[in-house]
Amino acid sequence: MPSPLPANQQQKMDWRVSWRRLVMQEDIIESFVLDQILARSKVQVDRFLTRFSQDFLKVLQDVDFIEKKVMQMKGKMGVVKDQQPENSLPADGLSGRVAPTANDATMGLDSHLFRLKERLVGDEPKLQLVSIVGMGGIGKTTLARTVYNDSLIVENFEIRGWVTISQEYDTREVLLALLHFTEIVFGRRKQEDSVTNFIKFVEVMSKHTDEQLGEQLRKNLYGRKYLIVMDDMWSIKVWDEVRKYFPDTSNQSRIVVFLGEPCPPELEEIGKQIAKSCKGLPLALVVIGGLLAKSQRTTVQWKYVAKDLVSVINLENHEQCLKILSLSYSHMPIHLKPCFLYLAIFPEDYEIRISKLIKLWIAEGFVNPVAHRSLEDIAAEYLKELIDRNLLIVRQRGTLGKMKSCVIHDLLRDLCLREAVKEHFLCIAKVYDVNFPPNIENKRRLGVQWSTKQFRYNPQVLNTLRSASSTHSLVCEYEWISPWLVPSLKLLRVLHVKDEYSPEEIMQLINSRFLHFAGYWDVNSRLTSSVSQLWNLQTLILRNSCKTTLPSQIWEMTQLRHLKFGKIVLSDPPRKSHHVGSQDSYILENLQTLSTLENFKFIEEVRKRIPNIKKMKLAYENNLVGSKLSSYCLENLACLSKLESLTLDIKWRDDTSAGDFGFPHSLKKLTLSGCHLPWNDMRIVGSLPNLEMLRLHRRAFVGDVWNPSEGEFGRLKFLEIRSTDLKYWGADNTHFPSLEHLVLDGVGLQELPLGLAEIHTLRLIELYWCKKSAVNSVKQIREERENLGYEDLQIHDSGNLWD
């Protein structure tokens, strides 16, 4: 009689069996749903989905839950639980304490964010000190940074400053750092990110006593509403010595103090052993460092890591490094594991677009919902956690510094792939590999990869792929998947390919959540009313420039989050519901992206249907004689209180006016093209309080002269002007106090305003197809800035100049 399995192995096997049974039942149900929908009429489909969708979504959630539990059992079996520090938040007193636990840093950040923001913007007029306490790595900085950059906080404080204090603190150094920051705020010094400039500042201030430095700091802050963050404070003595220099003028100023805890002496020797066990492998050192930073600082936890490292030090370097790196996976929070493993679905050395990765994570069900927060924001936090653990590298950032793309190191990708295969999480099919993965018909997630150097057309491979009938996710980053392949994979939820598919083929993917493809359709292509049978669709992206007509039934697809086409002709939403249920069932609360709508009327009914839209692209062309742009109701755009990015491309023969447009105060990015508005109407843009990026293309504004009004563009960081007849521009730091980057292309300016030299934040000016005199004026601006003591100004001149 065979001996019984150990309890932990038996438990893992039970979870695995339960999961596989549930998965099989899920496939049977999904196949039944697909057959039912394809066999019924439109009215029958509507009734069927109304009754069925809510119950079936619960089943899908159960499957996702079981899958995560299986991974947790495999990855966490035998691992000692982290010890949690105590959490306290006194309601009264000068020093409110916010102490997030390790779990809070990833899952319960919401409540701490709310409480900290409530402290900072509360009605108490007196100066308040708020302390965030706890050991390193439990999320204090994440919490404070999130609040520090929150739009409500930014709007609420005239001065914000962040000062990091070393463990070996010196009162004079603290005062110098605080004083240097406030001097920068008032434009009297160069930027704080230059070490050289700070050293010069220290040299200038060396003749002043600590008391004199403190009094100057008091003068700089007096009468102004300020928020100061003192990071990494290891002793309350620092606060006791500098607190007298923070004036309290009863204007609701606030100070946040980090009270950290040093590395316990009992961990120092273990830490040295861990570093030694990494054998000098740079990647291993970096990743293990990220692991320890996110772990609890307990002897038991660190000894556990050290023991695992010692067990692999005698292996060959590549294998040894993989073993060491695997610790970062085994100690990873359960909610991050599927997100990390999913990275293996992309090819080696592939630059991953972050916006796409987040959409895929959500469609796959990896992101745990949190009340009153979007899944996209939560997924962005997951991504940041992986980056903080040194498991992902940011490759490209946008103009405003936002992360655009990332890459994963080859060794870490090897770890991803190894663990993903072991967990039966996904399968990679290399079409040039003679050893094609076995049992591919049972693979849930499939990444198809190929090499231009090794590619050989192999009909047998294609036929094998067609047998993957249980595949729910298919990702291929190359134009290779034949159009006849996807229709055979009817249970697909996620499809990311670059091939062409017809509207009829798309309609067969009933259970899809994410669809991304090329689809080079005819000019008059249209999706029929059957699109509503894609009842669970979240993302639909068509990468082409063709015009596609979408039916009014698109307004019934309440799961939609992102809808992106080259050009969309979209019908108005239906006035009355013909479904069982209320009108509210047709509000697309999840919809965040909508582009590019052509000649779409923004009637009041539309505004109500998309209350949480964040990004939109609209195009308008005057096709009818006598038609007016005002008939498209663009003034209603001002009511979209969540809209952050808007592109308006106008091709209109008749004159337009400022009254034809409306912009919400929530806008951060705005691109205008062909509006032909006079520069005097720029106030409708300049008054937007949160605008950070403005692009003006193809005579968006017209006229010879632009004189901005004082107080406009308070937060604008990036300004781009292309193809305009502007000849004179009067601007200085009172108009663009935060401007960092200026681009001029095809602009007729004789010279740039010398007042730009006073904008201490300005870093870069790019010139294309501008006059020689304009280029010379920029050099004069740079010289003037040097005289004012500001940072050096970079000038990019394309060389395409004219007299």
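Look at Lys430: this residue stands opposite Gln449, which sits in strand S10. The two belong to neighbouring strands, since S9 (residues 427-430) and S10 pair in the parallel sense over 4 bridges. Two strands count as paired if DSSP finds at least two bridges between them, and the strands themselves (E, at least two residues) and helices (H or I, at least four residues) are DSSP runs, numbered from the N terminus. In general, strands of a sheet pair through backbone hydrogen bonds, either parallel or antiparallel.

Before going on, keep in mind that this is a predicted model, where local features need pLDDT of at least 70 and side-chain atom pairs count only at pLDDT 80 or more, while totals for chains, interfaces and linings use all residues. Residues are numbered from 1 along each chain as its sequence is written, and side-chain values use heavy atoms, with hydrogens and water left out.

Back to S10. This strand also pairs with strand S11 (residues 473-476), again in the parallel sense and over 4 bridges, and here Gly447 stands opposite Val475 in S11. How many of the residues of strand S10 (residues 445-449) are buried? It's 5 of the 5, so the strand is largely enclosed by the rest of the structure. Buried means under 20% relative accessible area, exposed means over 50%, and partly exposed is in between (1.4 Å probe, protein chains only). Arg445, Gly447 and Gln449 point one way from S10, Leu446 and Val448 point the other way, and all are buried.

Now try a helix. Helix H16 (residues 354-364) is mostly covered, with 10 of its 11 residues buried. Among them are Ile354, Leu357, Trp361 and also the charged-type names Lys356, Lys359 and Glu364. Just after H16 comes Gly365, which takes a positive phi of about 85 degrees.

There's another sheet to find, too. In this one, 3 strands form an open sheet in the order S6-S8-S7, and the pairing is antiparallel. Strand S6 (352-353) and strand S7 (393-397) stand at the edges with a single partner strand each, so one side of each is left without a neighbour in the sheet. S6 is joined to strand S8 (residues 403-407) by 2 bridges, and Ile352 stands opposite Cys406 in S8.

Next, charges. Side chains of opposite charge can pair when their charged atoms come close. A salt bridge here is a side-chain nitrogen of Lys or Arg within 4 Å of a carboxyl oxygen of Asp or Glu, and by this rule the count comes to 19 salt bridges. Take Asp649 and Arg698, whose side chains meet in one at 2.5 Å, N to O. Asp649 lies in strand S20 (residues 645-651) and Arg698 in the loop between strand S23 (693-697) and strand S24 (701-702), so the pair ties together parts that are 49 residues apart in sequence. Asp649 is partly exposed at 25% relative accessibility, and Arg698 is partly exposed at 35%.

Another pair is Glu381 and Arg373, with the closest N and O atoms 2.6 Å apart. Is Glu381 buried or exposed? At 17% relative accessibility, Glu381 counts as buried, whereas Arg373 is partly exposed at 22%. Further along, Arg695, Glu720, Arg722 and Asp745 are linked in a network of salt bridges.

Finally, here are some backbone details worth tracking down. The peptide bond from Ser595 to Thr596 is cis, with omega near -10 degrees, and Thr596 is found in strand S18 (residues 593-598). Arg699 has a positive phi of about 55 degrees although it is not a glycine; you'll find Arg699 in the loop between S23 and S24. Ser723, in strand S26, is another residue other than glycine with a positive phi, near 55 degrees, and Ser723 is partly exposed with a relative accessible area of 41%. Close the tour at Leu726, in the loop between strand S26 (718-724) and strand S27 (728-729). Leu726 is buried, with a relative accessible area of 0%. Leu726 and Gly748 are 22 residues apart in sequence, and in space they are 5.6 Å apart, C-alpha to C-alpha.
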